[in-house]
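Grab a pencil and have a look at the model below. We'll work through a few short exercises on it together.

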Amino acid sequence: MKVRTLRNNKVNIITLGCSKNMVDSEVLSGQLMANAIDVVHENTKLDHNIVVVNTCGFIDKAKEESVNTILDQVSLKKKGKLDKVYVTGCLSQRYRDDLEKEIPEVDAWFGTMELPLILKEMEADYKAELLGERMLATPRHYAYLKISEGCNRTCSFCAIPLMRGAHVSRPIEELVKEAEGLVRKGVKEVMLIAQELTYYGLDLYKKRQLNELLNSLADVEGLEWIRLHYAYPSKFPIEMLDVMRERKNICNYLDMPLQHASNNMLKAMKRQITREEMELLIADIRAKVPGICIRTTLIAGFPGETREDVEELKDFLRRMRFDRVGIFTYSHEENTSAHGLVDDVPAEEKEARAQEIMEVQQEISLEKNQEKVGQVLKVIIDKKEAGRYLGRTEFDSVEVDNEVVINTGKKLPIGEFVMVRITKAFDYDLEGEVVDM
């Protein structure tokens, strides 16, 4: 097999799965660049000779996508178009032994916390002084900020602790320094991410410190939007809402996955909270931060889920009227405590239930969007596509939430803020016109 020379290496990083994986890929990129190694994200030119696939192992569909991507890269290697294929991330962490046997053409496999080993494989040095330095894979005006790693919860359906380990918070001063560096690169919005945002600080400071972190980040000059992702409802640190309300650059937005509303399901999922407690928490959040946008995520088809459970979940959505909802179908994951249960809801029925639940939310979403018609909202311009601009309000996160469609003959700078009067509402998007302020 003809193999190209390894001189002048160029590394392409392919990132699958969640935003936490993207941050890991960005950190790897920064380390490679510091070692004078050319690196790109998602390179379509095929002018690279090394590939790193950063995999996801969360649910069946994600695992399938990861395996198919690895096989595609191995095929390119067999054709002599690549010299090396490396695999890292959650799938590799969880199934490394099996994968090594199944796909021996991969040159090396790495877990989720083995960055120095990846660098060593490429004859590069891990530079500790580069803490927080990343080559962004996102547009330059927004970035993700991972405030902790791992999770101490024991939700019965979730394999994340198996892949990411126990919760480890990053120090406040380290995160502030990283945020300042991102702003210097042109970032205006940071999205705080973690397996469990609201646990932040317990391991490091012996008490929850999300409110202190938020106050410190809100002081970073030039940081216009701070957005919170993946808050856990049980033992929610309610004091952080005071900071959200008082600091103007913290978006009135909270992503809090609830997973279900039936007490039977919540108990089986080991969520450590009841429907009644969730309803009280949501009422408290809305009282403390009027106008807050709450996004949640749900699971359809968990073992033992009945028609009554589905109806209860639909009733919960109608009562709570969340602004944003995402839904997954249950995936039966090895080594989770739910794996010992009988996966008794057929795949087709899981999909049907998910669709049924989302139809309830679709109506709510349209009604909430219609309420915004006539309002003037601050919008960040993300991109121009098919002759129109697409942006987001503070109530919308990247990729998962609504977009604001702006038709204008004016040139709008990407990554800048404009004021937009909402003129039309759709199920999941808004349309508007720029207002001169």
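**Exercise 1.** Find which residues Ile-380 touches, leaving out those up to four places away in sequence.

*Solution.* Start with the cut-off: a contact means heavy atoms within 4.5 Å. With that in hand, the partners of Ile-380 turn out to be His-141, Glu-189, Trp-225, Leu-390, Gly-391, Arg-392, Gly-415, Glu-416 and Phe-417.

Before moving on, a word on the source: this is a predicted model, where local features need pLDDT of at least 70, side-chain atom pairs count only at pLDDT 80 or more, and totals for chains, interfaces and linings use all residues. Residues are numbered from 1 along each chain as its sequence is written, and side-chain values use heavy atoms, with hydrogens and water left out.

**Exercise 2.** Place Ile-380 in its strand, then decide: is Ile-380 buried or exposed?

*Solution.* First, Ile-380 belongs to strand 14, which covers residues 376–385 (strands are DSSP E runs of at least two residues, numbered from the N terminus). Next, recall that buried means under 20% relative accessible area and exposed over 50%, with partly exposed in between (1.4 Å probe, protein chains only). Ile-380 has 0% relative accessibility, so Ile-380 is buried.

**Exercise 3.** Work out how far Ile-380 is from Ser-148, in sequence and in space.

*Solution.* Along the sequence, 232 residues separate the two. In space, the C-alpha atoms of Ile-380 and Ser-148 are 27 Å apart.

**Exercise 4.** Now zoom out: what share of the chain's residues is buried?

*Solution.* Of the 437 residues, 57% are buried. For scale, the C-alpha atoms fill a box of roughly 60 × 60 × 45 Å along the principal axes.

Key:
Helices (H or I, at least four residues) and strands (E, at least two) are DSSP runs, numbered from the N terminus.
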